[in-house]
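Hi everyone, thanks for coming. I'd like to walk you through a model today, so let me put it up on the screen.

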Amino acid sequence: MAFKHTYFYSVFWQRLKCNRLAMVGGWVVALLFVVSLLAPLLAPYDPNGINAWRVLEPPSWQHWFGTDELGRDVLSRVLYGARISLKVGFVAVGIAVAIGTVVGLVSGYYSGIVDAGLMRVVDIMLCFPAFFLILAVITFLEPSIWYIMMVIGLTGWMGVARLVRAETLSIREMDYIMAARCIGCSNMRIIFRHILPNTVSPILVSATLGIAGAILTESALSFLGIGVQPPTPSWGNILTSGKDYIEFAWWLSLFPGLAILVTVLAYNLLGEGIRDALDPRVKG
Amino acid sequence: MATYLVKRILILIPLMFGITLITFSVIHLAPGEPVEMQVAMNPKVTKEARDRLRKFYGLDKPLHVQYLNWVGKLVRLDLGRSFSPDNRPVVDKIKERLPITLSLNIIALLLEFGLAVPIGILAATHRDTWLDKGITIFVFIGFAVPTFWLALLLMYFFGVKLNWLPISGLHSLGSDSFGLVHYLWDMAKHLLMPVLVASFGSLAGLSRYMRSSMLNVIGQDYITTARAKGLSERVVIYKHALRNALLPLITLFGFSIPGLIGGSVIFETIYAIPGMGQLFYQGVMSRDYPVVMGILVIGAMLTLIGNLIADVSYALADPRIRHG
């Protein structure tokens, strides 16, 4: 078993390495991790340091990305913003993947009425424009980053549930599951020890793509003023002032937007790359 | 076909029930009540006044009674009255704004499909050339661009810098006195940016989908047969392949509706368009429960209808489903 696993992952890794775009995405993601961790060291200024003498200054050697309406350094705020987006991406997707995986496994394994019921819930949840649902819930809660992550996660698990269910349905019929049942494994053990590990590939792909989606959603919420609250810098809420000062200060809109674009692009490229590397039909 | 249609419509009933249940619980299980929100700013409110308000909104009754009351009214298309100072029926408010959002989204959908289909065909027929690669890069960037940022950039370039397009609203001041042609031209100028922003997000995904659907069809045996017969490449692609490649796009049409409606919050807020998205945003910001619940239900129902239309048109287009 151990041998097989290492073989599987080394082939996967070989194929991923050959995909240049995916590797670029992967490096950018790694870079974002470093930036988030080292933000206090990398940022040239205090992200919340107000300077009334240097308000709305265009990019210069002192302030590469210019300054905002309170004289804060935009580069420092963008660097700190990476922390928020990273946190939101991972926690929200973690919640979504956890719920989706359990629902998908249970639904696919037990089938029958349990399956029908759970899948109807999925259908109903998918009817709601996701952004409406998120807005509706978030505004009734105290604005906090934890609620944002929870709500994005709680409204984003349906795709994972469908994927895992489909995978479980086919795995359930395999001989080794029959064998596990014959030697008296409990249902729980079969689901979590024998089926779950084999559904990891599709989960990995949709999690990577999901992080990109969660980052976009968080930035849109913060932009509308119901996400991360100032003065905590997030790419979305820097863009809010970008909108207010769009006639005088293009740099306030350009740089945080580019940060979102590059980040989301990187996760998407990596996710697609992982999908291709795991798919035996695509030539590596 | 008739049985298919009946079956398809019967499925809607439990789904609609589920939609009302989720809408109701989302709003009522969240901590805090509308009354709390209304009195929180005013420390002078007595307990009696608070109870009176709760009674007025029916919040003193048990949850299941509240739910049944709400659904009972909903069936008669009564969504209650808005909590905002004008206190108008929510149905009227939505009626004013729904046509604006719907027509904007339909124009955006047409633009999206109108562009995505040729782009997808081009990419598929020029597979692995620089053209295909260029389109792929465009698609990936399209996936990653935040719509509100795109809206800001367009606003900056075409509205502020070049001053070509108006940056907010649907009409210019005094547009009532314009002649018809001028009036329509004025509205078209106002709509151009919102429509572009609304369609851009899904354009990328749609053209990607069209490409793979086309590639899939081109690989089929009957395309090889058509080529072997000596048909020109044009006829093979546009007559034999295209029709089949378009089929899966019908389903995608249904799927794209919730995204479009949800996205309208963003561009309607940015471009100050008095549509449903803006109403929802205002409702959410002022914690106007009836408006929020009403729009949630209507938004989900629109999705259901869109999916129904997509499924029925698919059945009409594909005999395998109709008779299966």
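Let's begin with chain B, which has 13 helices and zero strands. Keep in mind as we go that this is a predicted model. If you read along the sequence of chain B, the pattern is α-α-α-α-α-α-α-α-α-α-α-α-α. Its C-alpha atoms, taken along the principal axes, fill a box of roughly 85 × 55 × 40 Å.

Now chain A. Here we have 12 helices, again with zero strands, and the pattern along the sequence is α-α-α-α-α-α-α-α-α-α-α-α. For chain A, the box filled by the C-alpha atoms along the principal axes is roughly 75 × 45 × 25 Å.

So where do I want you to look between the chains? Please find helix α5 of chain A, residues 130–139, and helix α10 of chain B, residues 233–270. Their axes come within 6 Å and cross at roughly 60°. How should we describe that crossing? An angle of 65 to 115 degrees would count as roughly perpendicular, and one under 35 as roughly parallel; α5(A) and α10(B) are therefore oblique to each other.

Which residues meet there? From α5(A) we have Phe131(A), Phe132(A) and Leu135(A), and they meet Ile261(B), Gly262(B), Ser264(B), Val265(B) and Ile266(B) in α10(B). Sorted by class, this contact of α5(A) with α10(B) has six nonpolar residues, two polar ones and no charged ones.

Staying with nonpolar residues, let's move to the surface of chain A. Phe33(A), Val34(A), Leu37(A), Leu38(A), Leu41(A), Leu42(A) and Phe90(A) make a nonpolar surface patch of about 680 Å². Which helix gives the largest share of that patch? That would be helix α2 of chain A, residues 20–42, with six residues. Val34(A), for instance, is found in this helix α2.

Last, some backbone details for those of you who enjoy them. As a reminder, most residues other than glycine have a negative phi, and most peptide bonds are trans. With that in mind, have a look at three spots in the loops.

In chain A, go to the loop between α2 and α3 (74–110), where you'll find Leu56(A). Phi of Leu56(A) is near 50°, a positive value in a residue other than glycine. Chain B has a case too: Ala272(B) is not a glycine, yet it has a positive phi of about 50°. You can find Ala272(B) in the loop between α10 and α11 (276–285) of chain B.

And then there is a cis peptide bond, from Pro230(A) to Pro231(A), with omega near 10°. Pro231(A) is in the loop between α10 (200–223) and α11 (235–244) of chain A.

That's my tour, thanks for listening!

Definitions and conventions
Residues are numbered from 1 along each chain as its sequence is written. Chains are lettered from A and ligands numbered from 1 in the order in which they are written. This is a predicted model: local features need pLDDT of at least 70, side-chain atom pairs count only at pLDDT 80 or more; totals for chains, interfaces and linings use all residues. Side-chain values use heavy atoms; hydrogens and water are left out. Axes are lines fitted to C-alpha atoms, for helices over the stretch in contact, and angles run from 0 to 180 degrees between N-to-C directions. Helices (H or I, at least four residues) and strands (E, at least two) are DSSP runs, numbered from the N terminus. Angles under 35 degrees count as roughly parallel, over 145 as roughly antiparallel, 65 to 115 as roughly perpendicular and the rest as oblique. Contact means heavy atoms within 4.5 Å. Ala, Val, Leu, Ile, Met, Phe, Trp, Tyr, Cys and Pro count as nonpolar, Asp, Glu, Lys and Arg as charged, and the others, Gly among them, as polar. Patches are made of residues with over 30% relative accessible area and no salt bridge: like charges are joined within 9 Å, nonpolar side chains (Val, Leu, Ile, Met, Phe, Trp, Tyr) within 5 Å. Accessible areas come from the Shrake-Rupley method with a 1.4 Å probe; for residues, only the protein chains shown count as cover. A salt bridge is a side-chain nitrogen of Lys or Arg within 4 Å of a carboxyl oxygen of Asp or Glu.
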